Amino acid sequence: MLGLPKLKVNFEYEKRKKEKPMKVPKAHTLNLARMRKLVLLLLVGLFLYFGFVLIKANAIARSNTTLRHDIVTLNKQLDKASAGTTSYNPIVGQYLANFLTAYYTVTNDSQSDRASQLSQYFAKNITLPNNANNTQMKLTNAKLNGIFTVDNIKTAQYSLTISSDNKNTDLTVNVPYVQDNTKLTVVGLPYVANTIDSIGHVGSARYQKSDKQLTDSDTVTSVKKFTKQFVQKYVSSSTKDMSLLMANPVGLNGSVDLTTLDDSNIQVSGSKANPVVTATMTVQVHGTNIMQTQTIRLELTKQSSTYFVTKFVQA
């Protein structure tokens with residue numbers, strides 16, 4: 001029997017590896033609605049910030065404009081106040097006296113040099129007329145009546161006595177001038193004017209009785225009593241002795257005697273803790289018959305059963 005060929009079957013097989021799933025990196029997703037809110041908040045914030053900056057800049061600009069206006073106004077007021085000062089200055093007095101002497105003194109010898117001499121005093125654009133004061137004359141007296149303001153320009157008024165043709169003539173003239181520290185210039189020809197009338201009502205009393213009066217009767221009585229005692233001590237005591245009663249001590253040391261100080265002439269205002277006294281008293285110069293009425297003002301501070309004078313002023 002024929003043998004059958006042997007079949008060799010190889011059952012070996014490659015084990016299939018299990019494939020692992022590939023890990024995909026997690027994607028970062030953007031929330032569109034959230035981004036819109038963030039952008040909107042950023043825009044609103046920028047709008048508010050720039051709005052604030054604009055408002056602030058506008059306020060600063062207005063403030064600067066106001067300050068510049070105030071500075072200009074104050075400068076004008078200072079210039080006007082400076083122009084209107086009536087304080088006597090020896091430099092001004094000497095300058096104007098020399099000018100008036102040169103202007104109102106004319107001789108045969110001085111006529112040729114007069115214009116040149118006066119040019120030192122006049123502003124550069126002032127030309128002296130050829131026929132101005134060519135008459136021979138001499139300034140014999142000049143009295144300063146006062147310094148006042150005309151159209152914001154300092155003006156000095158003088159009463160002059162001029163000798164001409166063997167007779168004296170009295171004349172009142174105004175001289176306009178400007179001053180820059182020690183430098184002075186006459187800015188107009190002297191002109192005849194009316195004498196200054198200084199009588200007028202341009203102010204009010206330094207201490208008026210219009211302050212609201214203190215109504216507490218006990219306080220008023222106490223303050224009036226203290227005022228009388230204080231005044232009596234003030235006129236009779238030295239400055240050193242007054243240091244216990246007042247902040248800036250002052251005393252007349254018996255140079256005058258108190259004559260009268262009535263309750264009716266003592267006005268009390270302010271508060272119970274800080275009364276203010278305005279009093280009118282009459283004093284007599286010690287050793288004479290000279291009487292004088294004067295006003296005082298006391299600012300007081302309550303101290304236990306008495307008062308202390310924090311400020312003392314005489315009108």
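## The β1–β2 hairpin

Asp151 takes a positive phi near 55° in the hairpin of β1 and β2, which leaves 2 residues between its strands. The model is predicted. Asp151 sits in the loop between β1 (138-150) and β2 (153-164). Its phi is positive although Asp151 is not a glycine. Most residues other than glycine have a negative phi. Asp151 is also exposed, with a relative accessible area of 70%.

The two strands pair in the antiparallel sense, over 11 bridges. Within that pairing, Asn141 has Thr161 in β2 as its bridge partner.

## A second positive phi

Ser304 is another residue with a positive phi of about 55° that is not a glycine. Ser304 is found in the loop between β9 (291-303) and β10 (306-314). Ser304 counts as exposed because its relative accessibility is 72%, and the cut-off for exposed is over 50%.

## Overall layout

The protein has 4 helices and 10 strands. From the N terminus on, the order is α-α-α-β-β-β-β-β-α-β-β-β-β-β. The chain thus starts with three helices, then runs through five strands, a helix and five strands.

Of the 315 residues in the protein, 26% are buried. Among contacts with a separation of 6 or more, 48% join residues 24 or more positions apart. The protein exposes about 23,500 Å². Carbon and sulfur atoms supply 55% of that area.

## Helix α4 and its packing

Helix α4 covers residues 217-236. How far apart are its end C-alpha atoms, and does that agree or disagree with the expected span? They are 29 Å apart. At 1.5 Å a residue, the 20 residues should span 28 Å, so the two values agree.

Several α4 residues are buried, including Thr219, Val220, Val223, Lys224, Phe226 and Thr227. Phe230, Val231, Tyr234 and Val235 are buried as well. An α-helix has 3.6 residues a turn, so residues three or four places apart point the same way. The buried residues of α4 pack against five strands: β6 (256-260), β7 (266-270), β8 (275-285), β9 and β10.

## Strand β8 and its partners

β8 is one of the strands that the buried residues of α4 pack against. β8 is mostly covered, with 8 of its 11 residues buried. It pairs with β6, β7 and β9.

β6 and β8 run antiparallel over 4 bridges. Here Leu258 stands opposite Val283 in β8. β7 and β8 are also antiparallel, joined by 5 bridges. Ser269 has Val276 in β8 as its bridge partner. β7 and β8 form a hairpin, with 4 residues between them.

On to β9: β8 and β9 pair in the antiparallel sense over 9 bridges. Thr282 is matched with Thr293 in β9. These two strands form a hairpin with 5 residues between them. In its turn, Gly287 has a positive phi of about 80°.

## Salt bridges

How many salt bridges does a search of the whole structure find? The search finds 2. One is between the side chains of Lys228 and Asp263, at 2.6 Å from N to O. This pair links distant parts of the chain: Lys228 is in helix α4, while Asp263 is in the loop between β6 and β7, 35 residues apart. Lys228 is partly exposed, at a relative accessible area of 33%. Asp263 is partly exposed too, at 38% relative accessibility.

Arg297 forms a salt bridge with Glu299. The closest N and O atoms are 3.9 Å apart. That distance counts because the cut-off is within 4 Å. Arg297 counts as buried, at 17% relative accessibility. Glu299 is partly exposed, with a relative accessible area of 27%. Side chains of opposite charge can pair when their charged atoms come close.

## A nonpolar surface patch

A nonpolar surface patch covers about 1,100 Å². Met35, Leu38, Val39, Leu41, Leu42 and Leu43 are among its residues. Leu46, Tyr49, Phe50, Phe52 and Val53 also belong to it.

Where does Met35 lie? Met35 is in helix α1, which covers residues 32-83. Met35 counts as partly exposed, at 37% relative accessibility.

Note on methods
Residues numbered from 1 in each chain as written. Heavy atoms only, no water. Buried < 20%, exposed > 50% of the residue type's maximum accessible area, 1.4 Å probe, protein only. Expected span 1.5 Å × (residues − 1). Contact = heavy atoms within 4.5 Å. Pairing = 2+ DSSP bridges. Areas by Shrake-Rupley, 256 points an atom, 1.4 Å probe, with all protein chains shown as cover. Patch = residues over 30% accessible without salt bridge, like charges linked within 9 Å, V, L, I, M, F, W, Y side chains within 5 Å.
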